[in-house]
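Reader: Could you take me through one part of this model up close, the stretch that the record marks as the C-terminal domain? Once that part is clear, I'd like to hear how the rest of the chain sits beside it.

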Amino acid sequence: GESVSFIAVDLGASSGRVALGRLEGQPPQQRLSIEILHRFPNGGVPVRGGLYWDVLNIWREILHGLKLAAGRGEVASVGVNTWGVDYGLVDKRGELLGGVRHYRDSRTDGVLTRAFGLMPRADLYAHTGIQLLPINTAFQLLCESPTRLESAHKLLMTPDLFHFWLSGKAVCERTIASTSQMYDPRSREWSKSVLDALNLPANLLPEPVPAGTDLGPLTPEVSRLTNLSGTQVIAPAAHDTASAVAAVPAEGQDWAFVSSGTWTLVGLEVPEPVLTPAALAAELTNEAGANDQTLLMKNGMGLWLLQQCDLAWKLDYADLYAQAAQVEAGPLIDPEDARFAAPGADMPQRVQAYCLETQQTPPQTPAEITRCIVESLAQATAKALTVLEEVSGKHLNTVHIVGGGSQIALLNQRIADLSGKTVMAGPVEATLIGNLLIQAQTLGYLRRDELRGVVRRSETVQIFEPAALEAAHA
Ligand code: ADP
Ligand code: LRH
């Protein structure tokens, strides 16, 4: 039958992928098939005490993926999503100025104290509605070199930088803008109050545009390099979390999502930002979602802990998680403890030191350490769900877990057990799917209320019931 194809580029902190999505069938029975054409590792590059993203290598990998896609036939459009908060600076001629720092760069250590001296914490929250993390763009800018800022013409958040390279258009897509701590979620514009108080370079910020903005065709150069012609560049929900949530296969109203990857993002889709003192006290974040939704979330540590352990172990994830499932739960860490944020293959030792300091028997084997990390992440997730129920006044029955971490059966089961809610796991590639669906919507192939139905028809979910309930049903 008839079909239309789109390319999604999903850049996560640990890996990137380029996928081709095909939307097939007639409304309201459309389905989406995805084929991952290219995967590549991603991560920080340490240089002279700083930590950077290798954006030129990422760009080469993107071009390679696009070329593979061109070999499959016509492609209507392409869109890029990435992790939040990071940015590049370009000069008047559009040239990239220096490197793109990784949010785990240590230059922002302690920056919050300086920031709160310029604008009190509660005010920063009232204006932006997001969790006050030192990695947020506004605070990174407080640590920028003044000469670099003076030479800059535009600040481009990472997905916007790639959209600029693809299309020649410099914009700031709203979902990624909302991770910056410079964006007001009510006016949906940059926050003049925050920019003024922190003395940030407002002149560098491109106009915010909605998720699903057509940026025009690929540049002639990119067309030539990739053999793609007639392909539009469309800014999807350019923040990976927002793309992932757009593809959660939920029905009804009583659900929460967990986007599980390098980070654990636990949240609810709500119609308006929640900026109450209770939300601030709970350190909840209101980021922009696709289709004008707000994502009310707790942003926290995720499988970063395991990724860093694995630098030392070099074990297969599936094997490791299977072994961990054979180990009894024991010691617990606080995943948010500051010692876990920085990169390093000494992560197992950091976990052990935490346990010793808190009078717990440290886990020894990779399986034991993995069990400790999984249990600690499950507990943090269950706690976040309770906080979200309290702050929103909503009773939740179902938790949709998407992303790489949704493949970890033990983690899914423990979240079900500890929260007492039904967990639905999958799709693993929700971010890619959300990216593709917003492009399809932008080009008129789908209505906004049809996106989740396409995911439900196209993907399977795995169900995990809480243990206590299972026992009650037996
Ligand atoms: P990000 O987008 O933040 O880079 P992903 O959503 O790709 O992260 O998730 C990566 C994580 O998924 C890995 O760190 C790992 O813990 C988990 N994972 C990857 N592959 C598997 C697998 N085969 N089985 C279980 N877990 C896996
Ligand atoms: C997860 C994520 C998260 C934060 C972080 C910097 O990939 O996008 O939502 O913004 O990266």
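Author: Residues 257–440 come out as 45% helix and 18% strand in this predicted model, and the C-alpha atoms at the two ends of the span are 23 Å apart. The label on that stretch is from UniProt, where an unreviewed entry calls it "domain: Carbohydrate kinase FGGY C-terminal".

Let's start with the ligand. Ligand 1 has 17 residues around it, and G12, S14, G261, T262 and G404 are the closest. Two helices each put at least two residues into that shell: helix 12, covering 304–313, and helix 13, covering 317–324. Helix 13 is the top contributor, with 3 residues. As for chemistry, the shell has 10 polar residues, 7 nonpolar ones and no charged ones.

Now for some backbone oddities. Q359 isn't a glycine, yet its phi is positive, at about 60°. You'll find Q359 in the loop that runs from helix 14 (347–357) to helix 15 (366–392). Is Q359 buried or exposed? Q359 counts as exposed because it has just 7 C-beta neighbours inside 10 Å, and the cut-off for exposed is 12 or fewer.

Further along, the peptide bond between G426 and P427 is cis, with omega about 0°. P427 sits in the loop between strand 21 (422–425) and helix 17 (430–442).

On to the other annotated stretch. The same kind of record, again an unreviewed UniProt entry, gives residues 7–245 as "domain: Carbohydrate kinase FGGY N-terminal". Here the chain is 32% helix and 28% strand, and its end C-alpha atoms are 18 Å apart.

This stretch has its own backbone quirks. P27 and P28 are joined by a cis peptide bond, with omega about 0°. P28 belongs to the loop connecting strand 2 (15–24) with strand 3 (31–41). Then there's N227, another non-glycine with a positive phi, this time about 65°. N227 is in the loop between helix 9 (220–226) and strand 15 (232–235). N227 counts as exposed because its C-beta has 12 neighbours inside 10 Å, right on the limit of 12 or fewer.

For a look at the opposite situation, go to V78, which is part of strand 6. V78 counts as buried because there are 32 C-beta neighbours inside 10 Å, and 20 or more is what it takes. What does V78 touch, if you ignore its neighbours within four places in sequence? The contacts are I7, V9, L66, L166, T231 and V233. Take L66 from that list: 12 residues separate it from V78 in sequence, and the C-alpha atoms of the pair are 8.8 Å apart.

Strand 6 is also a good place to bring in confidence. Strand 6 (residues 77–82) has the highest confidence in the protein, with a mean pLDDT of 99. At the other end of the scale is helix 19 (residues 467–473), where the mean is 65. Across the protein the mean pLDDT is 97, and 99% of residues reach 70 or more. The model's overall scores are ipTM 0.98 and pTM 0.97.

Definitions and conventions
Residues are numbered from 1 along each chain as its sequence is written. Chains are lettered from A and ligands numbered from 1 in the order in which they are written. This is a predicted model: local features need pLDDT of at least 70, side-chain atom pairs count only at pLDDT 80 or more; totals for chains, interfaces and linings use all residues. A residue is near a molecule or strand if its C-beta atom, placed from the backbone, lies within 6 Å of it. Helices (H or I, at least four residues) and strands (E, at least two) are DSSP runs, numbered from the N terminus. Ala, Val, Leu, Ile, Met, Phe, Trp, Tyr, Cys and Pro count as nonpolar, Asp, Glu, Lys and Arg as charged, and the others, Gly among them, as polar. UniProt positions are given in the numbering used here, feature names are shortened, and annotations may be inferred rather than shown by experiment. pLDDT is the predictor's confidence in each residue, from 0 to 100. Two residues are in contact if their C-beta atoms, placed from the backbone, lie within 7 Å.
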